[in-house]
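Take a walk through this structure with the viewer open. We start with charged pairs, move to strands and rings, and end at two individual residues.

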Amino acid sequence: MAPLLTFGMAGRVKANPTVLRPEAFGAGRGDVARDTAGWAALAAAARGVPEVMVEAQGQYRISGSSVVFKDVRVIQARLAGARFQQTARLSRTLSFERCGSVEVNDGSFQGLGGGAGEFAGASSSWNGVAAVLFDDCDVVRVRRTQEFQHAGGGFVVRGGRVRDFEGVVSQGIGSPWIDPIRQSNQGNGSDFSIMCLPGNAAAGWIHEHRFVNNRCRDHAFGIQVVQSRTCLLQGNEIGPCPGQHGVYGIENDDLVATGNVFIGTRQLAFKEQLENYAGQYIGALWRTGVGYAVGDLVRHQDRLLECVRSHRSGRNPVSANWRVSPLNTRKGGLFENNRIEDCGHGFGHMSTVMVDGREIVTEGWRVQDNAFDGVRAESIYMQRALRAEVLRNRIDTRGRSTTAAVFLTDFGGVVRGNRIMGAGHAGILCSVATSATIEDNVIVDPGGRGVGVDQQTGVTLFAPDARTTLPSVRRGGPRRAIVQGNSVSWSRARPPRAAATLSTDRGLGVEGADRP
């Protein structure tokens with residue numbers, strides 16, 4: 001993983017900043033109108049000041065989203081002992097817009113909790129509904145700050161370059177107010193404890209993330225991180241998440257998740273998904289009659305397009321003038337020494353990107369030395385991953401699983417030294433293998449086969465850019481899986497459909513079938 005060089009002292013306030021206190025502007029008297037007006041006036045006084053230190057220790061009742069800090073080069077909010085009570089629904093208590101560096105320390109933000117009024121469509125991190133919103137700020141740091149019962153989100157970052165959260169506590173409204181069945185599967189409109197979205201194209205898609213020792217629970221999702229060039233998730237405790245996922249990553253390179261605990265997520269504890277950038281892009285749409293220059297980025301339908309030839313647009317985009325992003329190098333990541341308990345799914349890596357009939361893959365993911373307990377579906381699911389490693393994981397479904405414990409599709413890599421107990425179906429199932437080796441695993445009491453290799457028909461895999469060396473495997477081309485040295489056993493009567501190892505197509509290169 002590349003070092004997080006920008007997480008040092010760069011962007012911190014220097015000596016003799018302008019110090020602002022809310023009491024000087026009439027806040028802190030327990031009156032909603034005065035507290036709101038006082039904080040709004042403080043924020044207005046900070047606008048354009050190069051370096052600002054905000055110091056607050058009182059209790060403040062804020063109504064609505066009128067407290068907005070803008071255009072401050074460096075601002076640090078020292079909120080030791082400060083408590084904010086939001087009195088209006090679907091609001092953000094503090095906002096920072098177009099600031100260079102923002103640091104928020106030690107505050108406590110209280111929302112309104114659940115209620116029918118929280119589900120009016122606008123209740124969403126996407127819409128900036130949160131305890132604190134950071135909009136187009138270059139560097140964001142949040143330390144030892146607490147947020148409780150904000151419907152829509154805890155902390156939302158849109159744009160900028162560096163996002164650094166440590167010691168944050170974010171507790172949402174939870175069940176029964178977050179109801180995925182009633183709310184079309186998302187659970188309260190994409191409500192996140194911490195949500196980090198990319199900025200505009202001029203930022204170059206370079207984002208650095210650090211999430212250390214945070215506690216996220218009772219929002220629909222835990223942490224979302226998108227389009228990071230380097231990301232560290234360490235020592236976080238995430239869940240329950242009654243909506244969907246604990247960590248939801250999209251389009252990230254060099255992501256390291258280590259020493260985290262995931263408890264009670266409805267769907268995946270950890271999900272890294274490859275998509276076209278258009279799914280997260282918040283910049284310009286493609287339009288008719290516009291002059292475009294080389295390098296311009298626009299969204300058209302479900303794709304992000306980069307201009308490769310200067311032109312004026314007609315009725316529809318012309319393929320000779322554009323190329324389809326994404327631009328990431330797909331360097332993979334590390335998921336290590338994490339604990340996953342009572343979740344719908346465990347670790348998931350998947351690609352949904354199709355470009356001209358070709359599927360974009362990643363390389364180099366390692367999933368190792370993790371403990372999965374009581375996961376109800378796949379503990380490890382990997383799709384379209386090459387040169388991957390699944391090593392020394394311990395999986396005990398406690399009889400709750402109805403699927404394969406490890407499910408790999410369009411997979412190339414090594415699965416070795418894992419211990420799997422009580423899979424609902426196969427212990428390990430590899431579908432459409434590309435140079436896969438499955439060896440020296442211990443599988444106890446699978447509900448179906450111990451190891452299954454199902455080659456089926458091929459798909460086209462290709463390197464996303466010239467910097468990578470991924471193989472190109474065309475439909476019907478070479479497929480190879482080596483299965484050897486695995487131990488498969490049953491502590492009770494073997495289920496009727498169970499077998500040690502089964503390949504549906506040995507003619508495509510499956511070798512070394514094991515026996516119990």
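A salt bridge here is a side-chain nitrogen of Lys or Arg within 4 Å of a carboxyl oxygen of Asp or Glu. The model is a predicted one. By that criterion the structure holds 22 salt bridges. Side chains of opposite charge can pair when their charged atoms come close.

Begin with Arg21 and Glu55. Their closest N and O atoms are 2.8 Å apart, and the two form a salt bridge. This pair links distant parts of the chain, 34 residues apart. Arg21 belongs to the loop between β1 (18–20) and α1 (32–46), while Glu55 is in strand β2 (residues 51–55). How accessible is Arg21? Its relative accessible area is 44%, so Arg21 counts as partly exposed. Glu55 is partly exposed as well, because its relative accessible area is 25% and the buried class means under 20%.

Next comes Asp135 with Arg158. In this salt bridge the closest N and O atoms are 2.7 Å apart. Asp135 sits in strand β10 (residues 132–135) and Arg158 in strand β13 (residues 153–158), so parts 23 residues apart in sequence are tied together. Is Arg158 buried or exposed? Its relative accessibility is 18%, so Arg158 counts as buried.

The third bridge joins Arg210 to Glu166, with 2.9 Å between the closest N and O atoms. Again the pair links distant parts of the chain: strand β17 (residues 208–212) holds Arg210, strand β14 (residues 162–166) holds Glu166, and the two residues are 44 apart. Glu166 has a relative accessible area of 24%, which means that Glu166 is partly exposed. This bridge does not stand alone. Arg143, Asp164, Glu166 and Arg210 are joined into one network by salt bridges that share partners.

Now turn to the strands. Look at β19 (residues 221–226). Strand β19 is mostly covered, with six of its six residues buried. Which strands pair with it? Strand β16 (residues 192–197) pairs with β19 in the parallel sense, over four bridges. Strand β22 (residues 247–250) also pairs with β19 in the parallel sense, over four bridges. Gln224 gives a good view of both pairings. Gln224 in β19 stands opposite Met195. In β22, Tyr248 is the bridge partner of Gln224. In a regular strand the side chains alternate between the two faces of the sheet.

Rings come next. A pair of aromatic rings is described by the distance of the centres and the angle of the planes. The count of aromatic pairs comes to 18. One of them is Phe270 with Phe347, a stacked pair at 5.5 Å centre to centre, with 5° between the planes. Phe270 lies in strand β25 (residues 268–274) and Phe347 in strand β33 (residues 345–351), so the stacking ties together parts 77 residues apart in sequence. Both Phe270 and Phe347 are buried. The two rings also belong to a cluster: ring pairs link Phe262, Phe270, Phe335, Phe347 and Trp365.

Move on to Tyr292, in strand β26 (residues 291–292). Its relative accessible area is 9%, so Tyr292 is buried. What surrounds Tyr292? Leaving out residues up to four places away in sequence, Tyr292 touches Leu285, Trp286, Arg287, Val298, Cys307, Arg309, Ser310, His311, Ser313 and Trp322. Ser313 is 21 residues from Tyr292 in sequence, yet their C-alpha atoms are 7.3 Å apart in space. There is a polar contact too. The Tyr292 side chain reaches the backbone nitrogen of Arg287 at 3.0 Å.

Finish at Ser401, in the loop between β40 (394–396) and β41 (406–416). Although Ser401 is in a loop, its relative accessible area is 7%, so Ser401 is buried. Where does its side chain reach? The backbone oxygen of Thr403 is at 3.1 Å from the side chain of Ser401. On the Gly424 side, the backbone nitrogen lies 3.4 Å from a polar atom of the Ser401 side chain. Beyond its neighbours within four places in sequence, Ser401 is in contact with Val375, Arg376, Ala377, Gly422, Ala423 and Gly424.

Conventions. Residues numbered from 1 in each chain as written. Predicted model: local features only at pLDDT ≥ 70, side-chain atom pairs only at ≥ 80, totals over all residues. Heavy atoms only, no water. Buried < 20%, exposed > 50% of the residue type's maximum accessible area, 1.4 Å probe, protein only. Polar contact = N/O pair within 3.5 Å; in protein donor to acceptor, adjacent residues only side chain to side chain. Contact = heavy atoms within 4.5 Å. Phe/Tyr/Trp six-rings, centres within 6.5 Å; stacked < 30°, edge-to-face > 60°. Pairing = 2+ DSSP bridges.
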